[in-house]
Amino acid sequence: MEIRTAAKDDANGIAKVHVESWKTTYKDLLSSEYLANLSHESRNEMWEEILEENNLDSFHAVAVDEEGEIIGFISGGGDRSGDPYIKGELYAIYILESCQRQGLGQKLLLLLVEHLQGLGINNMLVWVLKDNPARQFYESLGASFYKEEEIEIAGSRLIELGLLWDDLTLLKEKLLSIR
């Protein structure tokens with residue numbers, strides 16, 4: 001498997017992983033009707049726009065299998081919330097269910113951490129649904145509760161937690177020790 005910086009022509013592969021991962025990750029949190037109606041096409045358009053932006057703060061990388069298919073991705077950069085304490089943010093990380101628990105998430109996260117540190121950013125927030133089992137991934141790597149908010153997705157009111165890595169140097173050391 002290869003992990004590399006995302007290119008503009010990766011939008012479709014990222015969109016497929018994004019949609020398929022939502023269907024498996026959120027199957028117990030969101031309605032099956034909503035998940036069934038998620039569209040590769042709309043996510044593809046979204047990712048085309050994101051990857052065409054020339055925002056130097058943003059970082060996008062993909063994990064690719066032996067056949068050249070994208071099986072996971074990460075997206076992050078500067079904080080989008082306006083919180084004066086938070087400097088970096090993990091926007092999204094998704095890996096196809098069949099490819100999880102193979103270390104891809106840690107490898108992708110390490111690339112984002114190195115990017116943020118290169119920008120002089122040394123903390124990072126990730127938003128995760130409170131009942132999302134993937135929350136354990138972040139907490140196992142030292143992310144701790146920072147704040148919460150209520151959001152609405154497809155008519156469902158959900159609690160989203162802001163988990164914080166207060167020191168990216170410590171996170172980087174932990175990620176390197178796992179390799």
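This is a short chat about the sheet of a predicted model and a histidine in it.

Q: Before we start, what kind of model is this, and what are the cut-offs?
A: It's a predicted model: local features need pLDDT of at least 70, side-chain atom pairs count only at pLDDT 80 or more, and totals for chains, interfaces and linings use all residues. Residues are numbered from 1 along each chain as its sequence is written, and side-chain values use heavy atoms, with hydrogens and water left out.

Q: OK, in what order do the strands of the sheet come?
A: The open sheet has 7 strands, ordered β1-β2-β3-β4-β5-β7-β6, with mixed pairing. Strands here are DSSP E runs of at least two residues, helices are H or I runs of at least four, and both are numbered from the N terminus. Two strands pair if DSSP finds at least two bridges between them.

Q: And which ones are the edge strands?
A: β1 (2–5) and β6 (144–153), each of which pairs on one side only.

Q: What does β6 pair with, and how many bridges are there?
A: Strand β7 (residues 156–165), through 9 bridges, and the two run antiparallel. One partnership there is S144 with L164 in β7.

Q: Switching to β4: is it buried or exposed?
A: Mostly covered, with 7 of the 8 residues in β4 (88–95) buried. Buried means under 20% relative accessible area, exposed over 50%, and partly exposed in between, using a 1.4 Å probe and protein chains only.

Q: Which way do the neighbours of β4 run, parallel or antiparallel?
A: One of each: strand β3 (residues 70–78) is antiparallel to β4, with 7 bridges, while strand β5 (residues 124–129) is parallel to β4, with 3 bridges. On the β3 side, S75 stands opposite A92; on the β5 side, E89 has L125 as its bridge partner.

Q: What handedness does the β4 to β5 unit have?
A: β4, helix α4 (residues 104–118) and β5 make a right-handed β-α-β unit. Right-handed means that, with the strands pointing away from the viewer, the path from the first strand over the helix to the second runs clockwise.

Q: Now H60, where does that sit?
A: In strand β2 (residues 59–64).

Q: Why does H60 count as buried?
A: Because its relative accessibility is 12%.

Q: What does the H60 side chain have a polar contact with?
A: The side chain of S75, at 2.9 Å. A polar contact is a pair of N or O atoms within 3.5 Å; within protein, one must be able to donate a hydrogen and the other to accept it, and residues adjacent in sequence count only if both atoms are side-chain atoms.
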